[in-house]
Amino acid sequence: MRVALLGLSHPHSDILLTTFGNMPEITSVVLWDADALLVANTKLAQRPKVTLATANLDQALSQPDLQFALVCVRHDQADAVALRVIAAGIHLLSEKPVALTSTDILSIQEAAARRGVVASVLYGRRAHPCMVVARKMLREGAIGKLTSLETRFLTTQVRFRNPKHWLFHREHSGGGILLWLGCHCLDLLHHVTNDEITEVSGFLATQSGESINVEDTATLALRFRSGALGTFHASYSLAFSGQGYVNTKGYDSYLGFNGRDGRIVWPSLDPLLQIEAPPQPGQAAIRQQTFTLPESKSYGGAPGEVFIRWFIAATQGRAAPPATLADALRTARVIEAAELSSQTGRAVKVVPTPSVPAPELVG
């Protein structure tokens with residue numbers, strides 16, 4: 001099939017093109033960027049599956065038999081590009097956060113619904129086996145009523161990520177670490193639990209000492225629809241974990257779900273779950289479950305490929321989308337509530353997002 005990658009200077013453009021290269025069902029890739037000089041000089045155009053590289057978006061979107069387009073551009077440019085994709089009747093997969101604000105995301109969601117195209121956000125961690133199993137266990141009541149959740153996501157300091165990059169300037173990015181990386185964690189809190197954050201108390205700060213105007217550190221207290229409480233800490237804080245945007249050693253993460261009868265913990269991004277739950281036959285109450293993943297240099301590893309295949313199945317009518325723009329909208333509204341809370345010093349109710357049944361993993 002033929003697909004399009006729209007945006008060549010995004011931190012993930014290279015690895016997303018690598019991902020397409022690793023998927024045998026994708027046989028042709030169209031590249032586009034608004035910067036004609038970049039298009040003329042990029043080495044990405046030399047990749048084996050690339051059949052066209054252009055600075056003309058109409059030309060890119062008019063290529064025959066495009067299965068979908070992946071929008072991977074600066075956040076303040078993303079809504080305009082996404083709307084062009086939708087207007088062309090092409091299925092849309094967007095890098096997070098999809099657009100600069102929740103209002104922009106809602107406009108894209110409504111346009112996709114009117115045009116009848118599948119539109120998804122690239123929340124690839126939904127396809128990680130640890131999260132698939134955790135979600136199944138919670139749905140089955142394995143740890144009883146959910147009481148609290150805790151998560152953190154630490155990564156390399158701003159000074160190792162080029163402080164001049166557009167990601168650290170609000171007019172182009174829309175926000176800091178919550179929009180860029182925290183969105184994945186907030187989405188998993190919703191997706192895995194089938195619950196929803198309804199109220200946020202947040203503290204956002206810029207601690208790096210660099211010339212940036214977005215938060216690089218955030219701590220959130222969360223209230224869920226079910227009554228469960230949660231915490232989230234995100235920070236560009238690691239001083240000895242390397243640099244760059246595709247750095248598998250540059251993360252310290254934790255995600256825990258606590259219930260009346262036990263808990264489930266994903267202690268890192270490794271394929272391992274720690275489980276404390278009433279035992280089933282042949283199981284211990286306290287145990288670890290590990291998963292063997294194929295070697296992959298794709299975005300998000302092998303689960304990243306699974307997510308894109310899941311999205312492809314949705315574009316072919318064989319499955320529900322793995323993550324919808326309603327999911328992106330819900331996360332954006334939580335982040336906006338956290339920003340308002342930090343500014344006002346009070347807890348903020350999250351604008352509700354109409355519930356969309358969460359799909360099961362396919363394939």
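At what angle do the axes of helix α8 (residues 177-193) and helix α10 (residues 325-344) cross? This tour returns to that pair after the sheets.

**Before starting**

This is a predicted model, in which local features need pLDDT of at least 70 and side-chain atom pairs count only at pLDDT 80 or more, while totals for chains, interfaces and linings use all residues. Residues are numbered from 1 along each chain as its sequence is written, and side-chain values use heavy atoms, with hydrogens and water left out. Helices (H or I, at least four residues) and strands (E, at least two) are DSSP runs, numbered from the N terminus.

**Stop 1: the sheet of 6 strands**

Select β3, β2, β1, β4, β5 and β6, which in that order form an open sheet with parallel pairing. Two strands pair if DSSP finds at least two bridges between them. The edges are β3 and β6 (119-121), each of which pairs on one side only. From one strand to the next, the twist averages 20°.

Now restrict the selection to strand β2 (residues 28-32) and strand β3 (residues 50-54), a parallel pair with 4 bridges. Leucine 31 stands opposite alanine 53 in β3, and tryptophan 32 stands opposite threonine 54 in β3. Add helix α2 (residues 36-41): together with β2 and β3, α2 makes a right-handed β-α-β unit. Right-handed here describes a path from the first strand over the helix to the second that runs clockwise when the strands point away from the viewer.

**Stop 2: two loops**

Select aspartate 65, in the loop between α3 (57-61) and β4. The phi of aspartate 65 is near 65°, a positive value in a residue other than glycine. Then move to proline 97, in the loop between β5 and α5. A cis peptide bond, with omega about 5°, joins lysine 96 and proline 97.

**Stop 3: helices α4 and α5**

Select helix α4 (residues 75-87), which lies across β1 (2-6), β2, β4 (66-71) and β5 (92-94) and runs at about 170° to β4. Axes are lines fitted to C-alpha atoms, for helices over the stretch in contact, and angles run from 0 to 180 degrees between N-to-C directions.

Add helix α5 (residues 102-115), whose axis comes within 9 Å of that of α4, with a crossing of roughly 5°. The helices α4 and α5 are therefore roughly parallel to each other. Angles under 35 degrees count as roughly parallel, over 145 as roughly antiparallel, 65 to 115 as roughly perpendicular and the rest as oblique.

To display the contact (heavy atoms within 4.5 Å), show Asp79, Ala82, Leu83, Ile86 and Ala87 in α4 with Asp104, Ser107, Ile108, Ala111, Ala112 and Arg115 in α5. This contact of α4 with α5 has 7 nonpolar, 1 polar and 3 charged residues. Ala, Val, Leu, Ile, Met, Phe, Trp, Tyr, Cys and Pro count as nonpolar, Asp, Glu, Lys and Arg as charged, and the others, Gly among them, as polar.

**Stop 4: the sheet of 9 strands**

Select the open sheet with mixed pairing whose order is β14-β13-β12-β11-β7-β10-β9-β8-β15. Its edge strands are β14 (286-290) and β15 (348-349), each pairing on one side only. Within this sheet, strand β8 (residues 197-205) and strand β9 (residues 217-224) run antiparallel and are joined by 8 bridges. Serine 201 has alanine 221 in β9 as its bridge partner.

Add α8, which packs on the sheet and touches β7 (146-156), β8, β9, β10 (229-238), β11 (251-259) and β12 (262-266); the direction of α8 makes about 150° with that of β10. Helix α10 also packs on the sheet, touching β8, β9 and β15, and its direction makes about 55° with that of β8.

**Stop 5: α8 with α10**

Keep α8 and α10 selected: their axes come within 9 Å and cross at roughly 115°. That makes α8 roughly perpendicular to α10. Show Leu178, Leu179, Cys183, Leu186, Asp187 and His190 in α8, which meet Asp327, Arg330, Thr331, Val334, Ile335 and Ala338 in α10. By class, this contact has 7 nonpolar, 2 polar and 3 charged residues.

**Stop 6: α5 with α10**

Finally, select α5 with α10, which pack at an angle of about 170° with their axes 9 Å apart. These two helices, α5 and α10, are therefore roughly antiparallel to each other. The contact includes Ser102, Ile105 and Leu106 of α5 and Leu325, Ala326 and Ala328 of α10.
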